[in-house]
Amino acid sequence: MKTQQSLFSASILLLALAFFQYTSAQLSPIQSPVSAPPAPPLPHPPVTAPAPGFNTVPLVPVSPSGAPTPIIPKAPSIDIVQILRKAKRFSTLVRLLKTTQLINQLNSQLLTSGSGGLTLFAPEDNAFSKLKAGFLNSLSDRQKVELLQFHTLSSFISISNFDTLTNPVQTQAGDDSKRLQLNVTTYGGSQVSMATGAVNATVTGTVYTDSKLAIYQVDKVLLPLDLVLPSKAPAPAPSAKTKTDKTKSSNVDGAAAGDDGDSDSGDNKDLPAEASAGSKFNVEGMWVCVVVGVALII
């Protein structure tokens, strides 16, 4: 009997202890989660400088390639006039490109798929000031376009590829090797000079360069021989003067013979003066023979 009471008391004690632990766990406060340490800031990507050309930095750098792409389409990002204006030393060249409207053709060529690009030799304003006074004003519109096209190559030429060109270099002005010749010479890859037969020029720096367009500054205007040599004289006109002189001689002879210059004189107006005079003497001789013959018969 006592053993059963002891077991019952132990069971009651264990139940009370279990109930107490359960109640304590329910009443204990919930601990907040441990916050994670803040992440270190991401490093900024390194900024790359534009590639130099002939030991000079381009006057107009290329726009960064990491710029976000706009959703709304914009105008062409490459505009030769805008690039030259940013350089602030090519106002005369800009004016010629706009007045001749050649700039529209060049910008369109840059947007054409499959195009080999463009290379433009840009004389600065100081180079145009070295020309003879009034030279540009003496050129016709066609000659101004030819002058600008003589400064343009229909392909992209990087700084290191000038030595791969074959002389004479063909420009957009044409392929006449005698009157539109452009010979390029490189020295150690650091200096480029050009000869046209009329002027010798040197590339003095890079204005702009990317994978499609290259603009290089030159110290002189590249004058082709086509604008310096005298043009070929036109062939003489047909001998209208000779025909006029013959007509005048015929009229004079007709007046001397007593003609009135209308129907009779018009028959011999295309004959030389000697032929008209000979005809007159033949008629007079015939009448003399007739008179002498009649006299003899009588």
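Colleague: I'll take contact as heavy atoms within 4.5 Å of each other. How many helices and strands are there in the protein?

Modeller: There are 11 helices and six strands. Helices (H or I, at least four residues) and strands (E, at least two) are DSSP runs, numbered from the N terminus. This is a predicted model, where local features need pLDDT of at least 70 and side-chain atom pairs count only at pLDDT 80 or more, while totals for chains, interfaces and linings use all residues. Residues are numbered from 1 along each chain as its sequence is written, and side-chain values use heavy atoms, with hydrogens and water left out.

Colleague: Thanks! What share of the 298 residues is buried?

Modeller: Buried residues make up 29% of them. Buried means under 20% relative accessible area, exposed means over 50%, and partly exposed is in between (1.4 Å probe, protein chains only).

Colleague: And how much area does the protein expose?

Modeller: About 20600 Å², with carbon and sulfur atoms supplying 60% of that. Accessible areas come from the Shrake-Rupley method with a 1.4 Å probe, and for residues only the protein chains shown count as cover.

Colleague: Let's do the sheet. In what order do the six strands run?

Modeller: The order is β2-β1-β6-β5-β4-β3, in an open sheet with mixed pairing. The edge strands are β2 and β3, each of which pairs on one side only. For pairing, DSSP has to find at least two bridges between two strands.

Colleague: Which strands does β6 pair with, and in which sense?

Modeller: β1 (residues 118–123) pairs with β6 in the parallel sense over six bridges. On the antiparallel side, β5 (residues 200–209) and β6 share five bridges. A hairpin of three residues links β5 to β6.

Colleague: Which residues stand opposite Q217?

Modeller: From β1 there is A122, which stands opposite Q217. Q217 is also the bridge partner of G205.

Colleague: Is β6 mostly covered or open?

Modeller: Mostly covered: six of its six residues, 213–218, are buried. L213, I215 and Q217 point one way, A214, Y216 and V218 point the other way, and both sets are buried.

Colleague: Now helices. Which residues of α2 are buried?

Modeller: In α2 (residues 80–87) the buried ones are I80, V81, I83, L84 and A87. They fall within an arc of 160 degrees seen down the helix axis, so they line one face of α2. That arc is taken over the directions from the helix axis to the C-beta atoms.

Colleague: Why would residues three or four places apart point the same way?

Modeller: An α-helix has 3.6 residues a turn, so residues three or four places apart point the same way.

Colleague: Neat. What do the buried residues of α2 pack against?

Modeller: They pack against α3 (91–99), α4 (102–111), β1, β5 and β6. One α4 residue to look at is N107, which counts as buried because its relative accessible area is 15%. Leaving aside neighbours within four places in sequence, N107 is in contact with I78, D79 and I80.

Colleague: What about α7, which residues are buried there?

Modeller: E146, L147, L148 and Q149 are buried in α7 (residues 141–149). Their cover includes α3, α4, α6 (135–138), β2 and α8 (225–228).

Colleague: Switching to backbone checks. Where is the cis peptide bond?

Modeller: From N167 to P168, with omega near -5 degrees. P168 sits in the loop between β2 (152–153) and β3 (183–187).

Colleague: Which residues other than glycine have a positive phi, near 65 degrees?

Modeller: K88 has phi near 65 degrees, and Q101 has phi near 65 degrees too. K88 is in the loop between α2 and α3, and Q101 is in the loop between α3 and α4.

Colleague: Is K88 buried or exposed? And Q101?

Modeller: K88 counts as exposed because its relative accessibility is 74%. Q101 also counts as exposed, at 56%.

Colleague: Last one: what share of the contacts join residues at least 24 apart?

Modeller: Among contacts between residues at least 6 apart in sequence, 65% join residues at least 24 apart.
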